[in-house]
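Please look over the sequence and the three-dimensional structure shown below before reading on. The report that follows takes up a few parts of the structure in turn.

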Amino acid sequence: MAEPTLPIIEIRNVTKTFQLQGQTIHALKDASLSIRKGEFVTLIGASGCGKSTLLRIIAGFEKPSEGEALMWGKPISEPEPQRGMVFQDYALFPWLSVRDNIAFGPTSRGVPKAQARDTVERFVDMVGLGRFADAYPHQLSGGMRQRVAIARVLANDAEVVLMDEPFGALDAMTRERLQEELLDIWARTNLTVVFVTHAIEEAIFLADRVVVMTPGPGRIESDNPMALARPRDIASPEFNDIRRALSGKLHSHHGKKAA
Amino acid sequence: MALADTPQQRLADMRAPSPWLARLKPIGLALIVPGLLLIFWHVATARRWTRLIPTPYETAEYMVDFVFGGIYNDAFSATAHIHLLASMSRVYGGFGLAMLAALPLGLLIGRIPLARLTLDPFFQLMRPIPVTAWLPLSMILFGLGARSAFALVFLGAFFPILLNTIFGVKNVDPKLFEAASMLGCKGNAQFFRVVLPAALPSIFTGLRLGLGLAWFVIVVGEMTGVPQGLGAVIMDGRTLSRTELVICGMIIIGVAGFISDRIVVAIGNRLLRWSPNHHG
């Protein structure tokens, strides 16, 4: 039993550096962030601000150079099914049908066949792909592929869903629909979502908290709780006020570039 | 299959005017060039531009005799199936052996750095040597006869399979490894669940090229003094100055090679129907 006060994800003073042509680049500098179970957190910032690096550290794909990343208080050392990743370019297995892509996780972990089949059917239906369960990824639209990628992670009992600009490659209408579907799934389950984006509207529309990051070196500029009631209206004056405030924070580092 | 539900499929169904016409059109188009060649051959031989090449009609007549007998009744009458079977056994035998050797080696070199560092330079050095250059050495090593032909076919098919397998294994999208590991599939399990299926299109390309080369090499292989085989027929035709025999041998090799390629392509299309850019 986990204590209710223990954060599901905790980032403590994490710095990530790498070498590029003899120079040390700070992808992320002294970042700290604590996420509670069930929260929807968006990470937003311009390219080079370290938002994707932070997400990949939480996923376990990369290790911090300094500091530590914890899940339920234990260090994150490698990718694990309880932290599912949704990639911008889907990363579906092209040789597997929609159904088999979703079944990949459960069968890898040795879930009994009958049980895996039930799980898969449930999530195929949840993302509305029942008619396309036997289709291959190349036959699907971008929006449908991303639904498969989400279902694949959910079917594998992920507690935390990490999303790296998942709707960045989609057209505006598909993006809006998927945002709503994602919120719907999140509201019905007990998921924790960490969502990377560079679109301010998307960040505000989705999140309980918007974490603003700035580049050069990549760091966390501010952590902004969103008090707006759901469902949110992106045309409302309140929404617009928040957008303006966040936009100011996003561009705040420009003056300091020379320092 | 839900395939019929995809928008592309529905579009394709709407566009097709009538299934029969749609099926005949590619066949008709494919026959234009061979037809023109046949006409040119007929005109060239009928007008005696050359006296050394028989007319299409004579060749066709000889082909009937070569396959069924009953016209000339010489040493080659009704022997086509014997030569075809002899060649096929060497082509598929050598190809099968090359596949058994090249597939595991390719997977090894593509996946394990130590194997790559040890074996890859050697194979890169051997690869540019044309198979035909191996002929004298192979006759010394394997003697005059079928074993030598077998060895040359093996060599011809080996390298395309090896290189394409290495390429396929090395070029798996790194994102797929990340996706597999976050889903709980790690280490050696990734080999069967990610590497092998992802490399399959490349491996198939290698097999197709390898089989094509096997048919290519068989003629050279059978010049090493084997009594039977289509290559041997062509060599005999040359020494006996029987050009119609040479042409018949060429046609049979062409048709047999074509059919065997279509079979590989059909298997590939079935196994790789998930792949958008693999429809031969």
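## A helix of chain A and what follows it

In chain A, helix α2(A) is followed by G110(A), a residue whose phi is positive, near 75°. The structure discussed here is a predicted model, and this should be kept in mind for every value given in the report. Helix α2(A), which spans residues 98–108, is mostly covered, since 8 of its 11 residues are buried. The buried residues of the helix are V98(A), R99(A), N101(A), I102(A), A103(A), F104(A), G105(A) and P106(A), and they pack against two other helices of chain A, namely α3 (113–126) and α4 (142–154).

## The six-stranded sheet of chain A

Chain A contains an open sheet of 6 strands in the order β6-β7-β8-β3-β9-β10, and the pairing within it is mixed. At the edges stand β6 and β10 (219–225) of chain A, each with a single partner strand, so one side of each is left without a neighbour in the sheet. If direction is ignored, neighbouring strands of this sheet are turned against each other by 20° on average.

Within this order, strand β3(A), residues 40–44, has β8(A) on one side and β9(A) on the other. With strand β8(A), residues 192–197, it runs parallel and is joined by 5 bridges, and one example of a bridge is that between T42(A) and F195(A). With strand β9(A), residues 209–214, the pairing of β3(A) is also in the parallel sense and extends over 4 bridges; here I44(A) stands opposite V212(A).

## How strands β3 and β6 are covered

Why can strand β3 of chain A be called largely enclosed by the rest of the structure? The reasoning rests on a count: 5 of the 5 residues of β3(A) are buried, so the strand is largely enclosed by what surrounds it in the structure. A residue is called buried here if 20 or more other C-beta atoms lie within 10 Å of its own. The covering of β3(A) applies to both of its faces, because F40(A), T42(A) and I44(A) on one side and V41(A) and L43(A) on the other are all buried.

Strand β6(A), residues 83–86, can be described in a similar manner, for R83(A) and M85(A) point one way from the strand while G84(A) and V86(A) point the other way, and all of these residues are buried. Strand β6(A) runs parallel to strand β7(A), residues 160–164, and 4 bridges join the two. In β7(A), the bridge partner of R83(A) is V160(A), and that of V86(A) is M163(A).

## The four-stranded sheet of chain A

Chain A also has an open sheet of 4 strands, in the order β2-β1-β4-β5, with antiparallel pairing. The edges of this sheet are formed by β2 (23–35) and β5 (74–75) of chain A, each of which has a single partner strand, so one side of each is left without a neighbour in the sheet. Strand β4(A), residues 66–71, pairs with β5(A) in the antiparallel sense over 2 bridges, and L70(A) stands opposite P75(A) of β5(A).

## Chain B: its contact with chain A and a pair of helices

Where the two chains meet, 20 residues of chain B are in contact with 27 residues of chain A. On the side of chain B that touches chain A, the elements that give two or more residues are α8 (174–182) and α9 (189–221) of chain B, and α8(B) gives the most, with 6 residues. The residues on this side of chain B divide into 12 nonpolar, 4 polar and 4 charged.

In chain B, helix α4(B), residues 80–111, and helix α10(B), residues 230–239, pack at an angle of about 125°, with their axes 7 Å apart. That angle makes α4(B) oblique to α10(B). The contact is made by H83(B), L84(B) and S87(B) of α4(B) together with L230(B), G231(B), A232(B) and V233(B) of α10(B), and these residues divide into 4 nonpolar, 3 polar and no charged.

## Confidence in chain A

The mean pLDDT of chain A is 92, and 96% of its residues reach 70 or more. Over residues 255–259 of chain A, however, the pLDDT is below 50, and beyond near neighbours in sequence this stretch has 1 contact in the model. Where pLDDT is low, the predicted coordinates should not be read in detail.

Terms used: Residues are numbered from 1 along each chain as its sequence is written. Chains are lettered from A and ligands numbered from 1 in the order in which they are written. This is a predicted model: local features need pLDDT of at least 70, side-chain atom pairs count only at pLDDT 80 or more; totals for chains, interfaces and linings use all residues. A residue is buried if 20 or more other C-beta atoms lie within 10 Å of its own, exposed if 12 or fewer, and partly exposed in between; C-beta atoms are placed from the backbone. Two strands pair if DSSP finds at least two bridges between them. Two residues are in contact if their C-beta atoms, placed from the backbone, lie within 7 Å. Ala, Val, Leu, Ile, Met, Phe, Trp, Tyr, Cys and Pro count as nonpolar, Asp, Glu, Lys and Arg as charged, and the others, Gly among them, as polar. Axes are lines fitted to C-alpha atoms, for helices over the stretch in contact, and angles run from 0 to 180 degrees between N-to-C directions. Angles under 35 degrees count as roughly parallel, over 145 as roughly antiparallel, 65 to 115 as roughly perpendicular and the rest as oblique. pLDDT is the predictor's confidence in each residue, from 0 to 100.
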